[in-house]
Amino acid sequence: MEAARPAGTFVVVGGGIAGVTCAEQLAVSFPEEDILLVTASPVIKAVTNFRQVSKVLEEFDVEEQPGTMLESRFPNIKVIESGVKQLKSEDHCIFTEDGREFVYKKVCLCAGAKPKLIYEGNPRVLGIRDTDSAQEFQKELAKARRIMIVGNGGIALELAYEIEGCEVVWAIKDKAIGNTFFDAGAAEFLTSKLMSEKSEAKIAHKRTIYTVEEAKKETRTKSKADYVGSALGPDWHGGLALKGTEEFSHSIHIETRCEVKKIYLEEEFKIMKKKSLAFPKDHHKSVTADKEMWPVYVELTNGKIYGCDFLVSATGVTPNVHPFLHRNNFALGEDGGLRVDDQMRTSLPDIYAAGDICTACWQPSPVWQQMRLWTQARQMGCYAAKCMAAASMGHPIDMDFSFELFAHVTKFFNYKVVLLGKYNAQGLGADHELMLRCTRGQEYVKVVMQNGRMVGAVLIGETDLEETFENLILNQMDLSSYGEELLDPNIDIEDYFD
Ligand SMILES: Cc1cc2nc3c(=O)[nH]c(=O)nc-3n(C[C@H](O)[C@H](O)[C@H](O)COP(=O)(O)OP(=O)(O)OC[C@H]3O[C@@H](n4cnc5c(N)ncnc54)[C@H](O)[C@@H]3O)c2cc1C
Ligand SMILES: NC(=O)C1=CN([C@@H]2O[C@H](COP(=O)(O)OP(=O)(O)OC[C@H]3O[C@@H](n4cnc5c(N)ncnc54)[C@H](O)[C@@H]3O)[C@@H](O)[C@H]2O)C=CC1
């Protein structure tokens with residue numbers, strides 16, 4: 001006899017980009033059914049002004065909105081504002097913090113990720129993930145004269161460029177800045193911008209719009225404070241003045257190839273009688289001992305110690321799987337995310353996952369890789385909903401085209417940055433060639449070639465090359481005969497490949 005189909009609704013957990021996109025797509029696929037979006041945060045993230053820039057590159061704005069706005073756009077979506085505290089996969093149900101139980105026929109887990117902080121719990125170590133943590137950071141920065149940034153990815157890059165009026169010691173494990181996005185060449189291009197004083201007034205580029213009044217946020221109860229809100233995204237700092245106490249615009253010192261060895265609070269440090277270093281204002285002068293006292297001291301593995309007001313740990317994220325693991329034997333990826341297959345299914349029946357919480361475990365296209373990014377959260381959320389719908393109707397669907405080619409457009413140091421395919425030759429071993437074109441202060445173009453074919457590119461500045469390069473990577477045309485002409489600025493490459 002056929003097992004009875006579980007009753008219940010479609011449930012999506014998490015009000016970030018992945019969850020909201022998933023719920024929206026389900027609402028469109030099943031206009032007659034109720035879709036439940038259960039989220040711990042008092043606001044949801046909505047994608048607005050979506051622009052398909054090219055075949056796979058996309059840009060959009062993000063608005064933080066109350067759940068009621070989503071409900072009014074999609075009358076069959078119901079937003080439940082409460083964290084999920086338990087998932088009973090065998091019974092097809094979830095339990096929320098406010099004591100309710102919801103039975104699902106299919107659920108998509110989109111609970112995002114949490115910052116992976118070094119020295120978590122130390123009051124002088126801050127992380128940035130959601131609006132609350134960004135505001136806390138801003139508040140502390142407004143009182144600070146010197147901070148230390150640890151980490152070398154997206155957040156660190158943005159902070160290093162945006163912070164003013166405060167000395168910044170930036171400690172990185174690598175030899176060059178921005179290792180998750182750039183190679184040493186691109187890093188050198190950007191470092192020159194970082195080190196030159198930011199002379200022109202900063203161009204306003206606020207894209208994240210926060211529409212929820214402060215009052216609403218203050219109504220958050222204490223129990224909810226344990227949950228993280230949705231992750232910030234493009235231009236999250238646009239609405240925040242990232243300024244310390246001093247009047248200078250930019251003052252940064254980079255310590256390369258080192259990690260944090262130990263952190264001491266002021267009292268502890270005084271007893272130890274160790275020496276800390278003054279901020280190296282002039283790189284040619286020898287370093288001197290610091291005469292000031294600081295709330296926290298950071299000892300680096302290169303032996304140097306700097307005092308500062310606080311430390312920002314911008315050291316990556318861990319998928320937020322914890323609330324769902326109790327008695328559920330999920331298969332987890334190496335990075336701790338819920339493993340999902342090419343239909344966005346986890347290892348447990350009727351449970352899907354999308355966005356930062358999941359680890360893509362399908363055989364990827366040779367020029368795609370997972371990165372925990374806004375764009376991928378949207379693409380995965382949308383595709384997961386389509387997979388849930390297809391499975392309900394009894395047939396699988398083909399992998400979405402957006403997973404054919406990794407494509408990310410963002411902004412670093414006020415330059416447009418486009419990353420395509422294996423932009424850092426990830427996983428290619430020695431079997432690849434790089435071609436470069438660079439005009440200092442203007443543009444940096446790098447392409448990664450393998451067997452005469454383009455497999456990746458980094459485009460910094462207004463290069464206008466993204467669409468052509470995207471096509472060349474997708475169609476894998478043999479470009480051996482073009483040689484260096486491929487990057488010749490005097491040749492209009494678009495006409496060339498028309
Ligand atoms: C400072 C910062 C800047 C960034 N900048 C960019 C950028 O410029 N470009 C880019 O592409 N990406 C950027 N990212 C990354 C991007 O924001 C994330 O990859 C993306 O938002 C992840 O979306 P998500 O929906 O998977 O998770 P999240 O946005 O983290 O959403 C998770 C949701 O789940 C909810 N939740 C958590 N636990 C529970 C629970 N137990 N029960 C119910 N709900 C729960 C949360 O409240 C939240 O609503 C940035 C990230 C940060 C932190
Ligand atoms: N413009 C964009 O596209 C942006 C994207 N993001 C995304 O937001 C998320 C969070 O950002 P980040 O925290 O910057 O993560 P990240 O993954 O981009 O970078 C983490 C960095 O920390 C370093 N690191 C890890 N452990 C360390 C340790 N113990 N000591 C010193 N360094 C250590 C890593 O080498 C890496 O450089 C990421 O998914 C990132 O891609 C964030 C900001 C901007």
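The following conversation examines how features of a predicted model are named and justified.

Biologist: What makes the approach of N152 to ligand 2 a polar contact?

Modeller: An oxygen atom of ligand 2 is 3.1 Å from a polar backbone atom of N152, and a polar contact is a pair of N or O atoms within 3.5 Å, so the pair qualifies.

Biologist: How do you know that G153 and A314 belong in that category with respect to ligand 2?

Modeller: A backbone N or O atom of G153 lies 3.4 Å from an oxygen atom of ligand 2, and for A314 a backbone N or O atom likewise lies 3.4 Å from an oxygen atom of the ligand; the limit is 3.5 Å, therefore both pairs count as polar contacts. Of the accessible area that ligand 2 has on its own, 830 Å², the protein covers 80%.

Biologist: Which elements give two or more residues to the shell around ligand 2?

Modeller: They are α4, residues 154–162, and β23, residues 407–412. Of the 21 residues around the ligand, those that come nearest are N179, G316, R372, H408 and T410.

Biologist: How many residues of each class does the shell around ligand 2 have?

Modeller: The shell has eight nonpolar, 10 polar and three charged residues, where Gly is counted among the polar ones.

Biologist: Why are β15 and β17 called edge strands?

Modeller: The open sheet of three strands has the order β15-β16-β17, with antiparallel pairing, and β15 (260–265) and β17 (305–308) each pair on one side only. Neighbouring strands of this sheet are turned by 20° against each other on average, direction ignored.

Biologist: How do you know that β16 and β17 pair?

Modeller: Strand β16, residues 296–300, is joined to β17 by four bridges and the two run antiparallel; pairing asks for at least two bridges, so the condition is met. One of the residues involved is V296, whose bridge partner in β17 is C308.

Biologist: What makes β10 and β18 a pair?

Modeller: β10 and strand β18, residues 310–313, are linked in the parallel sense over two bridges, and at least two are required, so they count as paired. L126 has V312 as its bridge partner in β18. These strands belong to an open sheet of five strands in the order β10-β18-β11-β12-β14, with parallel pairing, and its edge strands are β10 (125–126) and β14 (251–255).

Biologist: Which domains does the assignment give, and how far apart are the C-alpha centres of domain 1 and domain 2?

Modeller: The domain assignment gives domain 1 as 9–114 + 318–403, domain 2 as 117–214 + 235–313 and domain 3 as 414–496, and the C-alpha centres of domain 1 and domain 2 lie 34 Å apart.

Technical notes: Residues are numbered from 1 along each chain as its sequence is written. Chains are lettered from A and ligands numbered from 1 in the order in which they are written. This is a predicted model: local features need pLDDT of at least 70, side-chain atom pairs count only at pLDDT 80 or more; totals for chains, interfaces and linings use all residues. Side-chain values use heavy atoms; hydrogens and water are left out. A residue is near a molecule or strand if one of its heavy atoms lies within 4 Å of it. A polar contact is a pair of N or O atoms within 3.5 Å; within protein, one must be able to donate a hydrogen and the other to accept it, and residues adjacent in sequence count only if both atoms are side-chain atoms. Accessible areas come from the Shrake-Rupley method with a 1.4 Å probe; for residues, only the protein chains shown count as cover. Axes are lines fitted to C-alpha atoms, for helices over the stretch in contact, and angles run from 0 to 180 degrees between N-to-C directions. Domain bounds come from an automatic or database domain assignment.
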